[in-house]
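Biologist: Got a minute to walk me through this model? I'd like to go through a few spots and ask as we go.

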Amino acid sequence: MFKDRYGLEVSTSSVEAFDAYADAADRMLAADGRVAERLGDAIEADPNFALAHAALARDHHVNGRGKMARTVIETAAQLAEQTTAREQQHVAIVKLLITGQVPAGLALTREHLQDYPRDALALAPSTGVFGTIGFSGRVGREAEQLELLEPLATHYGDDWWFATAYAFALLETGHWDRGRKLAEQALEQRPNNPHGAHTLAHALYEAGDDDAATTFLTDWLPDFDRDSLLHCHIWWHYAILLMARGSNDAAWKAFEENCLPGHSDSPSINVFTDSASFLWRSELAGNERDSNAWETVRDYYEAQFGRPIVFVDAHVGMVYAALGETEQLTASIVQLQELGEAGNLPAETTGALLARAYQAFEAEQWSNTIELLEPLMDQVVRIGGSRAQRDMVTNTLLAAYVNNDRLEDATAFLASVHDRQPTHPVAGLS
C-alpha cells in the first residue's frame, strides 16, 4: 500500500495506478487540465482503485457531467468496501455531495477532518466560493469558511494547495494582504497552479492594484491550459481588469475568445455567469450593448439549466432585462420568488429581488432600483460567488445612484466599505 504526499494510505498495489492518481490529485487541487485523463490511466492500471473512481466522479460533477458522476460514484462506493476506514469515509463524502445531500456531506467532512485533517481531496469540495459552504446560502458563510480552515493550518504547513485555499478564505473576509502573501508562496512552489493564479488575481483586485493584477495575468496566461476548470473564469478576471483600465477592445477580445458560449469548454456555471456578468458590467462602464452576445448567453442558459440553481439565479434577470424579454423575465421572477418563499433555494428570495432590480434598472427606474438594492447589499453574499463577482450588484447600485443624480450617495457607499479597495468602473463615477 502506498502513501500520498499528505501521508495517507492509498489502497492500490499498482505503481502505475498510484503515480497516475497522485498526479491527478495534484491536478485537481491546482485546477490543472488532464484530470480525467490521468484518472483514466489510474483506473486502467487498477480497475479496483476506489479512490481513483471517486476522484473521477468528482471531476465529472464539477464539470457538470452529473449522470456520469452518479454512475461512477456508485462503482467507487462498492469498491471502497474493501479499503480502509479513511477511504470509505472519503468516498462517502463524495457520494453525498454528488447525490445532492450537501449539508450531510459537509457534516461528514467536518467529522472526517477530526481524524484525517490532511485528507485534502475530501476537504477541497468544502472550500472556495463554489463549495459546500460557499453555496450554502448563509449570510455568514465567508467567516464560516475561514473558521473551517484556520484550525487546519498547522496540519498543512506550507503546502501549496492549502495555502491557496486558506488565502482565498482570508481574501473573502477582508484580509487581502495576508491572502496575497500566501498566494504568492503557493505560486512559488507550483507556478502553473490555476487556483493559485486565481487567488493572487483576487488579492490584487481587492487591493485595487489593477496594474499589478493586469501585469501578472498578462505574463501568466499565455501558457494557461484551456482544459483547466478555471480557464474561462481567470480570463474573465483579465477582461474585467482590462475594462477597468479603459482597454475595451482588448477586454472584449479576451472575453469573446475565452468566455463567451461557443468559445469555452469550462463548466457551464462559469461560462454563463461570467458571460452575463461581463456584458452587464461592460454596459455599466459606458460601453454599447451587444445584443448578439446577450442572445448567445440567453440561448446557452436555456439549453444548460433546466432548473434554478444558486448563483446562476442571480444572473438570469439581467439577461432577460437586457434583451427586453419581459414575459420571460416576469416568469423567472415569479418562479424564483415562489421557490424562495417555499424554502427551496439556499438564497431564498434573493435571486428574485435581484431580478426585479435589474428589471427596474433597465427601465431607467433609478429610485426603484436603489430601493430594491440598498436593503440587499448585506444579504447578497447569500447568492454565492466571490466579492469580485458580486461587484456586478455593487456596480448596478452605484450606476443607479449616478443616474439618479445622487453622486454623494455613491461616494458615501464606497467610503463605508473599509476592508477592500477594488476599482468600480461605472460611467459617471470618478
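Modeller: Sure, let's start with R34, which is partly exposed because its relative accessible area is 35%. Buried here means under 20% relative accessible area, exposed means over 50%, and partly exposed is in between, using a 1.4 Å probe and protein chains only.

Biologist: Before we go on, what kind of model is this, and what are the pLDDT limits?

Modeller: This is a predicted model, where local features need pLDDT of at least 70 and side-chain atom pairs count only at pLDDT 80 or more, while totals for chains, interfaces and linings use all residues. Residues are numbered from 1 along each chain as its sequence is written, and side-chain values use heavy atoms, with hydrogens and water left out.

Biologist: Back to R34, where is it found? And what is its phi?

Modeller: R34 is in the loop between α1 (15-30) and α2 (35-45). Its phi is positive, about 65°, although R34 is not a glycine. The helix labels come from DSSP runs numbered from the N terminus: H or I with at least four residues for helices, E with at least two for strands.

Biologist: And E348, what's its phi?

Modeller: E348 has a positive phi of about 55°, and it is not a glycine. E348 belongs to the loop between α19 and α20, and it counts as partly exposed at 40% relative accessibility.

Biologist: OK, helices. How many residues of α12 are buried?

Modeller: 12 of the 13 residues of α12 are buried, so α12 is largely enclosed by the rest of the structure. Among them are P194, H198, H202 and E206. α12 covers residues 194-206 and reaches 18 Å from its first C-alpha to its last, close to the 18 Å expected at 1.5 Å a residue. That expected span is 1.5 Å times one less than the number of residues.

Biologist: What happens at the start of α12? And what follows α12?

Modeller: At the start, a side-chain oxygen of N193 comes to within 3.2 Å of the backbone nitrogen of H195. That sort of polar contact is a pair of N or O atoms within 3.5 Å; within protein, one must be able to donate a hydrogen and the other to accept it, and residues adjacent in sequence count only if both atoms are side-chain atoms. After α12 comes G208, with a positive phi near 75°.

Biologist: New topic: how do α10 and α11 pack?

Modeller: The axes of α10 (residues 160-171) and α11 (residues 176-189) come within 8 Å and cross at roughly 160°. The two helices are therefore roughly antiparallel to each other. Axes are lines fitted to C-alpha atoms, for helices over the stretch in contact, and angles run from 0 to 180 degrees between N-to-C directions. Under 35 degrees counts as roughly parallel, over 145 as roughly antiparallel, 65 to 115 as roughly perpendicular, and the rest as oblique.

Biologist: Which residues of α10 and α11 make the contact?

Modeller: On α10, the contact includes W160, Y166 and L171, and on α11 it includes W176, R180 and Q189. Contact means heavy atoms within 4.5 Å.

Biologist: And α18 with α20, what angle do they pack at?

Modeller: About 25°, with the axes of α18 (residues 313-322) and α20 (residues 350-362) 8 Å apart. That makes α18 roughly parallel to α20. Contact residues include D313, G317 and M318 of α18, plus L354, Y358 and E362 of α20.

Biologist: Is α18 buried or exposed?

Modeller: 10 of the 10 residues of α18 are buried, so α18 is largely enclosed by the rest of the structure. Those buried residues pack against α16 (268-284), α17 (291-304), α19 (326-341), α20 and α22 (387-403). G324 follows α18 and has a positive phi near 70°.

Biologist: Last one, N258: which residues does it touch?

Modeller: Not counting residues up to four places away in sequence, N258 touches R226, H231, C232, W235, H263 and S264. N258 sits in α15 (residues 248-258) and counts as buried at 5% relative accessibility. A polar atom of the N258 side chain lies 2.9 Å from the backbone oxygen of A254.

Biologist: Does A254 turn up elsewhere, say, which residues is L242 in contact with?

Modeller: Leaving aside neighbours within four places in sequence, L242 is in contact with T214, S247, A250, A251 and A254. L242 is in α14 (residues 231-244) and counts as buried at 8% relative accessibility.
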